[in-house]
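Reader: I am new to this structure and would like to learn how its features are read, one at a time. Could we begin with a single residue and then work outwards?

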Amino acid sequence: MASRLKKYLNRAIHKDQAGFLPGRQIKDNVRHIINIIEYLDLRIDIPAALVFIDAEKAFDNVSWHFLIKCMEKVGIRGPFLEAIKSIYSEQRAKVIINSNLTNPLKITKGTRQGCPLSPLLFILVLETLLNKIRETSEVRGIRIGTKEYKVKAYADDLVVSIEDPAKGINTMLELMETFGRLSGFKLNKSKTKMLIKNVDEQLKNKIELESGLTVSKKVKYLGIWITPKNINLVEDNYNRIWKECKRDLDSWNRLQLSWEGRMAAIKMSILPRMIFLFQNIPVIRGTTMFKDWQRTLSRFIWQGKRARIKYKLLTDRRDRGGFAVPNLQLYYEASCLCWTKEWISLDNTDLLDLEGFNIRHGWHAYLWQDKGKVHKGFSNHIIRGALLEVWNRCKRLVEKDIPWWLSPVDILITKKLNMEGKRWTYADLLRRSDKGWEIKTYEELKDKLSGWLQYHQINAIWREHKKTGMSKNKSKFQLEIIEGKSKLLTKMYNQLLDWDTMDEEIKDVMIKWAIDLGHPIEYERWTKLWTKDMKFSACVRFRENMEKMMYRWYITPMKLAKMYRTGDKTCWKCRKKEGDFFHMWWSCEEIKKFWGLVYDELKKILKYTFPKKPEAFLLGMIGEEINKDDQIFFQYATVSARILLAQSWKTSYIPTISEWQNKLIEYMDTAIMTQKIRQQRNNKFINDWNKFLSYMELTLGNVKITVGTI
């Protein structure tokens, strides 16, 4: 029922209401408020107020009778209406007081808590009030040309923009009072706040006295602190949130978090808070702030020590050997590029007229023709300046050639207060010929253009653009972002991340491993390692061990000698040769003996022989040499051996084969837990570990090993 109602309300309810309907988001309202404040900053001759309405127990006070009338008014009838009536009529409840039940109480108002229908029914009721405010001429909104910007709502969070507030606020309050008598809506005056612009102290006092509302210096709306000056947005929001994040990082530093755990903490706690700000107020100029943030996160990940892996590699995707640590600058830039979608598509004229109230050219002229360099005032706007800065940084990444969405009509136009006419794009104007792409003939386009002059102007622009080259197909940016409907931020971030880490596709460690092994490793084998082999267990410790091996994490005697200039490069195990990475893990004579014992045991357990390849034992790169049914166990066996060696890293001690067996037995519980977490079939553990269990029972003299429960 909720899904059906949502589709209908998306058409019936004005787009000023952004709550609980598909395609409408919090950022639409925040962007609107910031644009209104920017407009009033320049129009100091217009006294105005932004009234942030707070309703008292909004959802609990909805009159059922009024709700049904509203549904009938918008045309909802038949079985659907009867179903709603069956929910919101003749309900009774009892209250427990001192362990005693009261007599039944009749319920006549309020929407059901937790019901998916509740917010939809509430915004349907509230739309009656919003329509009345829009229709009432005494409540004068902010006017730009023929358009009037009066009200924005996210469910019960209302903002009313009033020009000449001395006259309009009382009328608005009277409308709400009348609406409340019918619907149950109650205005909470003590929590309702106002921001005023271009109003002197005397008029401010008069407004407060007559309305009973408080004028505030700062208001928190939908999680964003807003003041009469947009210049405070960064200090009140970004700096405040980052201070909270730093406090959290300091407290987590005192915990014994693993290396992977610290990166996970950033993804789960820091990133969501920053993304919320990026998506709602992308107003940061420059990159200094992001560099400071990155340094703070890097210090946390490495606990103040020198980084062993480049931050760029940490931010790469896991399926490319990275760790998916968020790159905050790229997330911010992705948010900005998603906001420029409105400038590109040119569909939301209400937003564009407000955001571009004082621009001189068409939006595409600023995006593609660098008109921002000519019209400096364009970037003085807090949103436009930040978005254009990011666009100029990323333009040649997202669109290498002339894009199909580009509109020469919009480039040519001189901006008026309100946008008029269709802005035809190259997708509408071009055709393919033997000579390549060319503008259609005037006869084909005369119904779309104003005349011959405009046609020749378009041709002149096309001749200039043709030198750059036209994209053969729509770009990924256009397909996923401009024409996309969902997960825009994720898609845009992935595009930027691909470009940012492009030069790290072949990593330095991959070359070093090829040199140590004496042969190259195909990129497909690395990909398999990242996408499959590292996922053999749900245990983060095992994945961390494999990642540390791949990135050659462990500090060797040779590296220590170089760092501290001691001159002692001798291997800690054999005390004979220089201890580089490969020597310490594989070619040292003492280490060779340990791996030989492990290899011999594995042949006895698996009951067949296989090549003793260092990439299999050190990196977990296994292929057809290990039977498919034995590959999971082989990974557990080799990771157990590597962890034992890591635990005795800076000593001469060599683990014994019995310690390795005990470690494997210890990790059997982890294998069982992995089976449960991933909801694998019940016999998965037995199939993977049966050969080891049988071998150990035989070795221990028929002593049965019992591990966990399946």
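Author: Let us take T315 in this predicted model, where burial is judged by relative accessibility, with under 20% counting as buried. T315 has a relative accessibility of 1%, and therefore counts as buried.

Reader: Where does T315 sit in the chain, and which backbone atom lies 2.7 Å from a polar atom of its side chain?

Author: T315 belongs to helix α11, which covers residues 311-315. The partner is the backbone oxygen of K312, found 2.7 Å from a polar atom of the T315 side chain.

Reader: How does one read burial along a whole helix, and how many residues of α25 are buried?

Author: One can go through the helix residue by residue and apply the cut-off of under 20% to each. In helix α25, which spans residues 540-550, nine of the 11 residues are buried, so that the helix is mostly covered. The buried residues of α25 are F542, R543, E544, N545, M546, E547, K548, M549 and M550. After α25 comes R552, which has a positive phi, near 55°. For the chain as a whole, 52% of the 710 residues are buried.

Reader: How should I read a sheet, and in what order do the five strands of the open sheet stand?

Author: A sheet is read from one strand to its neighbour, and here the order is β8-β9-β1-β10-β11, with mixed pairing. The edges are held by β8 (151-154) and β11 (214-215), and because each has a single partner strand, one side of each is left without a neighbour in the sheet.

Reader: What joins β10 to β11, and which residue of β11 stands opposite K193?

Author: Strand β10, residues 193-197, is joined to β11 by two bridges, and the two strands run parallel. Opposite K193 stands T214 of β11.

Reader: Turning to enclosed spaces, how many cavities of 30 Å³ or more does a search of the whole structure find, and what lines the largest cavity?

Author: The search finds two cavities of 30 Å³ or more, and the largest cavity has a volume of about 60 Å³. Its lining consists of A58, N61, V62, F122, V125, L126, F179, S183, G184 and F185. Two elements, α5 (118-135) and α6 (165-183), each give two or more residues to the lining of the largest cavity, and α5 has the largest share of that lining, with three residues. Sorted by class, the lining of the largest cavity holds seven nonpolar and three polar residues, with no charged residues.

Reader: What is the volume of the second largest cavity, and which element gives the most to its lining?

Author: The second largest cavity has a volume of about 30 Å³, and its lining is made of P165, A166, I169, N170, I207, E210 and S211. At least two lining residues come from each of α6 and α7 (201-211), while α6 gives the most, with four residues. By class, the lining of the second largest cavity has four nonpolar residues, two polar and one charged.

Reader: Finally, how is the whole chain divided into domains, and how many helices and strands are there?

Author: The domain assignment gives domain 1 (1-226), domain 2 (232-326), domain 3 (332-494) and domain 4 (508-700). The centres of domain 1 and domain 4, taken over C-alpha atoms, are separated by 62 Å. The chain has 32 helices and 15 strands, and its C-alpha trace spans about 90 × 85 × 55 Å along the principal axes.

Terms used: Residues are numbered from 1 along each chain as its sequence is written. This is a predicted model: local features need pLDDT of at least 70, side-chain atom pairs count only at pLDDT 80 or more; totals for chains, interfaces and linings use all residues. Side-chain values use heavy atoms; hydrogens and water are left out. Domain bounds come from an automatic or database domain assignment. On a 1 Å grid over the protein atoms alone, a cavity is a set of points where a 1.4 Å probe fits but cannot get out, and a pocket is an open set with protein on both sides within 12 Å along at least five of seven lines; lining residues have an atom within 4 Å of a point. Grid points are joined across faces, edges and corners, and a volume is the space filled by probe spheres set on the points. Ala, Val, Leu, Ile, Met, Phe, Trp, Tyr, Cys and Pro count as nonpolar, Asp, Glu, Lys and Arg as charged, and the others, Gly among them, as polar. Two strands pair if DSSP finds at least two bridges between them. Buried means under 20% relative accessible area, exposed over 50%, partly exposed in between (1.4 Å probe, protein chains only). A polar contact is a pair of N or O atoms within 3.5 Å; within protein, one must be able to donate a hydrogen and the other to accept it, and residues adjacent in sequence count only if both atoms are side-chain atoms.
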